[in-house]
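Work through the exercises below with the sequence and the model in view. Try each task before reading its solution.

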Amino acid sequence: MQSQAFTYFIEVANSGSLSAASETLGVAVSAISRQISQLEKRVGSQLFERGVRGMTLTGAGQLLLAHAQRQILETGATLQEIARLQGMEQSHIRIACSQGLANEMVPKAIAHFQKLHPSTTFALWVGGAVAASERVATGQSDLAITFSTRPVSNVTVHYVHRSPALAVMRNNHPLANQARLTLQELKDYPIALTDTNTSTRKLFDMACNLSGLQIEPVLNSNYAEALHSYVRNSWGILFASYVSIADRLKRNQLVAIPVVDAEMHSRSIQVQLMKGRLLPSSIKDFINLIVHDLEENRKSEPC
């Protein structure tokens with residue numbers, strides 16, 4: 001199990017100072033400092049840079065923190081497996097995902113999984129792709145189901161496939177019968193975009209820059225449902241991956257059309273895990289289910 005020195009080390013690394021760690025743990029600063037010093041002697045390297053603004057991890061400290069985080073998670077996985085062997089299976093799965101995936105796909109997968117494993121509980125964190133990956137890298141989430149355009153350290157990609165941004169509009173839109181579209185063809189219609197932190201918006205901005213187009217959105221929002229409502233009630237166009245809108249196309253009388261511009265294709269949907277982590281059976285089973293769902297979705301994606 002986790003040593004006291006590791007407990008103190010992790011808290012100082014997360015909080016950034018001895019005093020903050022002392023307040024959280026309810027332990028004297030001197031006791032924490034002594035344990036950190038002993039740990040540094042044990043590993044033979046300085047773990048923190050001490051400065052007026054707090055304590056930051058050295059390269060050695062970052063390596064040790066990653067190890068400590070994996071150790072905590074693997075201890076939890078082992079205890080879950082022991083409970084399962086004794087017929088007392090109770091598991092908790094923490095998922096980080098992008099907003100588009102949280103609207104339909106991931107909650108459906110959770111509901112399906114709980115029918116098969118009623119004792120499993122879930123925590124679902126929703127946010128940007130980079131933050132989702134970082135949560136997995138630091139052990140705050142067990143897996144990330146997210147869009148990605150670049151690799152993240154301490155994260156391994158378990159599953160990946162290309163996920164272009166499609167043009168989504170009403171099924172009676174003047175462009176709705178087109179097999180493919182270009183941004184040039186879309187620029188004369190109202191454009192509704194997610195905020196600048198999303199992968200979809202980054203793809204759109206990059207595609208416009210490389211095409212020499214200046215397209216000002218008529219609506220920006222960090223809330224995807226607002227964009228969908230706007231498009232349903234106008235000639236507006238939004239951009240989304242097929243996996244995030246497949247279930248609502250027919251229901252909301254929408255269509256999704258591929259955009260030819262190459263930059264709109266330069267991202268993937270990924271299932272990400274902490275590198276080197278031992279996973280309990282429950283998480284493995286859920287990953288198998290979500291990968292199956294992603295593969296089934298991909299078969300009907302327009303191209």
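**Exercise 1: a helix and its buried side**

Task: compare the span of helix α6 (residues 105-116) with the expected span, then find where its buried residues lie.

Solution. At 1.5 Å a residue, the twelve residues of α6 should span 16 Å, and the end C-alpha atoms are 17 Å apart, which agrees. The expected span is 1.5 Å times one less than the number of residues. Helices (H or I, at least four residues) and strands (E, at least two) are DSSP runs, numbered from the N terminus.

Next, list the buried residues, where buried means under 20% relative accessible area, exposed over 50% and partly exposed in between (1.4 Å probe, protein chains only). In α6 they are M105, V106, A109, I110 and F113. They cover an arc of only 130 degrees around the axis, so they sit on the same side of α6. The arc is that of the directions from the helix axis to the C-beta atoms.

Last, look at what these residues pack against, with contact meaning heavy atoms within 4.5 Å. Their partners include β3 (91-97), α5 (99-103), β4 (120-126) and α12 (281-299).

A note on the source: this is a predicted model, in which local features need pLDDT of at least 70 and side-chain atom pairs count only at pLDDT 80 or more, while totals for chains, interfaces and linings use all residues. Residues are numbered from 1 along each chain as its sequence is written, and side-chain values use heavy atoms, with hydrogens and water left out.

**Exercise 2: the sheet**

Task: give the strand order of the open sheet of five strands, and place helices across the sheet.

Solution. The order is β4-β3-β5-β12-β6, with mixed pairing. β4 and β6 (155-162) are the edge strands, as each pairs on one side only. From one strand to the next, the twist averages 20 degrees. Two strands pair if DSSP finds at least two bridges between them.

Now take one pair: β6 and β12 (residues 268-274) run antiparallel and are joined by seven bridges. Within this pair, V155 has M274 in β12 as its bridge partner.

Then add the helices. α6 lies across β3, β4 and β5, at about 175 degrees to β4. α12 lies across β3, β4, β5, β6 and β12, at about 20 degrees to β6. Axes are lines fitted to C-alpha atoms, for helices over the stretch in contact, and angles run from 0 to 180 degrees between N-to-C directions.

**Exercise 3: helix α9 and the cysteines**

Task: describe α9 (residues 199-211), and state how many disulfides a search of the whole structure finds.

Solution. α9 has 13 residues and reaches 18 Å from its first C-alpha to its last, close to the 18 Å expected. Its buried residues are S199, T200, R201, L203, F204, A207 and C208. These pack against β5 (143-148), α8 (183-186), β8 (192-194), β9 (219-221) and β10 (238-240). After α9 comes G212, with a positive phi near 70 degrees.

C208 has a relative accessible area of 4%, and C97, also buried, has 0%. The search finds zero disulfides, a disulfide being a pair of cysteine sulfur atoms within 2.5 Å.

**Exercise 4: a hairpin and a loop residue**

Task: how many residues lie in the hairpin between β1 and β2, and is Q253 buried or exposed?

Solution. The hairpin joins β1 to β2 through two residues. β1 (residues 48-51) and β2 (residues 54-57) run antiparallel, joined by four bridges. The bridge partner of G51 in β2 is G54.

Q253 is found in the loop between α11 and β11 (254-257). Q253 is exposed, with a relative accessible area of 52%. Its phi is positive, near 55 degrees, in a residue other than glycine.
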